[in-house]
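Here is a friendly walk through a protein model, meant to be read with the structure open beside you. Have a look at the picture first, then come back for the details.

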Amino acid sequence: MGSHVSVTTSPPPAAAEQPEKQSLSQYKNNSHPVVDLALRVFLFITSLVAIIVMLISKQTKLIQVTPNHAVLLTGKFSYIPSFIYLITALSVVCLYSIVTGALSVLALMKPGGISTKLQFHFVMFDALLLGIMASATGAASGVSYTGIKGNSHTGWNKMCTTYDSFCFRAAASILLSLISSITILLLVLFSTHMLYKKTTRR
């Protein structure tokens, strides 16, 4: 009687590691919309708080014009065009973060995550919003600096020595606007990175 020898071979290391690599890749793909959504929620919070702080930055002071005469003067954001521009930009960013945040939530429910086409639109509109927010923040910061320091060459006096509460709230709103701008920059970098990975994977 001949002997029958059965030989069992183990799967190649590459085949054994393939399911692990696929699961790791799937985890990373699922985490991308989560990070995108978290940044957009943070953008919504900072822009909304910046709007509220600027809207309540109103202060009325009794200004002594002459030794025997004083008038009530009000400092308000609507009197300064650059602040109006900043409020408008923040309102657009706030609405934009709601719309794109909702799209990110829908992407979380899909197995493939954010599509390449949607990622491209995110990059394009995020970059557009970044330019708008950066210009609005810069314009408001320039006016605020003049209000704090004044300008002896043009004869502009320091406004913040009188309207201290108004200037403090306006400065807080501008700081939050700067944080919003940085958040949009992170979104642009993140979306560009994700779009690059999707296009090079093909």
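This briefing covers the overall layout, a buried charged network, an internal cavity, a surface patch and one loop residue. Please keep in mind that the model is predicted.

**Overall layout**

- The protein contains four helices and two strands.
- Reading from the N terminus, the order of the elements is α-β-β-α-α-α.
- Of the 202 residues in the protein, 33% are buried.

**A buried charged network**

- How many salt bridges does a search of the whole structure find? The search finds two.
- One salt bridge pairs the side chains of Asp36 and Arg40, with an N to O distance of 2.8 Å.
- Asp36 and Arg40 are both part of helix 1, which covers residues 13-55. They sit four residues apart, or about one turn of the helix.
- Another salt bridge brings together the side chains of Arg40 and Asp126, at 3.0 Å from N to O.
- Arg40 belongs to helix 1 and Asp126 to helix 3, so this pair ties together parts that are 86 residues apart in sequence.
- Because the two salt bridges share a partner, Asp36, Arg40 and Asp126 are joined into one network.
- Are these charged residues buried or exposed? Asp36 has a relative accessibility of 0%, so it counts as buried. Arg40 has a relative accessible area of 1% and is buried too. Asp126 is also at 0% relative accessibility, which means that it counts as buried.

**An internal cavity**

- Searching the whole structure for cavities of 30 Å³ or more turns up one.
- The volume of the largest cavity is about 80 Å³.
- Which residues line the largest cavity? The lining is made by Ile80, Phe83, Val143, Ser144, Gly147, Ile148, Met159, Cys160, Phe166, Cys167, Ala170 and Ala171.
- Helix 3 (116-149) and helix 4 (164-201) each contribute at least two residues to this lining.
- Sorted by class, the lining holds ten nonpolar residues, two polar residues and no charged ones.

**A nonpolar patch on the surface**

- Phe42, Leu175, Leu178, Ile179, Ile182, Leu185, Leu186 and Leu189 make up a nonpolar surface patch of about 700 Å².
- Which element gives the most to the nonpolar patch? That is helix 4, with seven residues.
- Ile179, one of the patch residues, is located in helix 4.
- Ile179 has a relative accessible area of 31%, so it counts as partly exposed. Residues enter such a patch only with over 30% relative accessible area, and the 31% of Ile179 therefore passes that cut-off.

**A loop residue to look at**

- Where does Met109 lie? Met109 is found in the loop between helix 2 (81-108) and helix 3.
- With a relative accessibility of 63%, Met109 counts as exposed.
- Met109 and Pro33 are 76 residues apart along the chain, and their C-alpha atoms are separated by 9.7 Å.

**To recap**

- Helix 4 appears in two of these topics: it supplies at least two residues of the cavity lining, and it gives seven residues to the nonpolar patch.
- Helix 1 and helix 3 are linked through Arg40 and Asp126, whose side chains meet in a salt bridge.

Definitions and conventions
Residues are numbered from 1 along each chain as its sequence is written. This is a predicted model: local features need pLDDT of at least 70, side-chain atom pairs count only at pLDDT 80 or more; totals for chains, interfaces and linings use all residues. Side-chain values use heavy atoms; hydrogens and water are left out. On a 1 Å grid over the protein atoms alone, a cavity is a set of points where a 1.4 Å probe fits but cannot get out, and a pocket is an open set with protein on both sides within 12 Å along at least five of seven lines; lining residues have an atom within 4 Å of a point. Grid points are joined across faces, edges and corners, and a volume is the space filled by probe spheres set on the points. Ala, Val, Leu, Ile, Met, Phe, Trp, Tyr, Cys and Pro count as nonpolar, Asp, Glu, Lys and Arg as charged, and the others, Gly among them, as polar. Patches are made of residues with over 30% relative accessible area and no salt bridge: like charges are joined within 9 Å, nonpolar side chains (Val, Leu, Ile, Met, Phe, Trp, Tyr) within 5 Å. Accessible areas come from the Shrake-Rupley method with a 1.4 Å probe; for residues, only the protein chains shown count as cover. A salt bridge is a side-chain nitrogen of Lys or Arg within 4 Å of a carboxyl oxygen of Asp or Glu. Buried means under 20% relative accessible area, exposed over 50%, partly exposed in between (1.4 Å probe, protein chains only).
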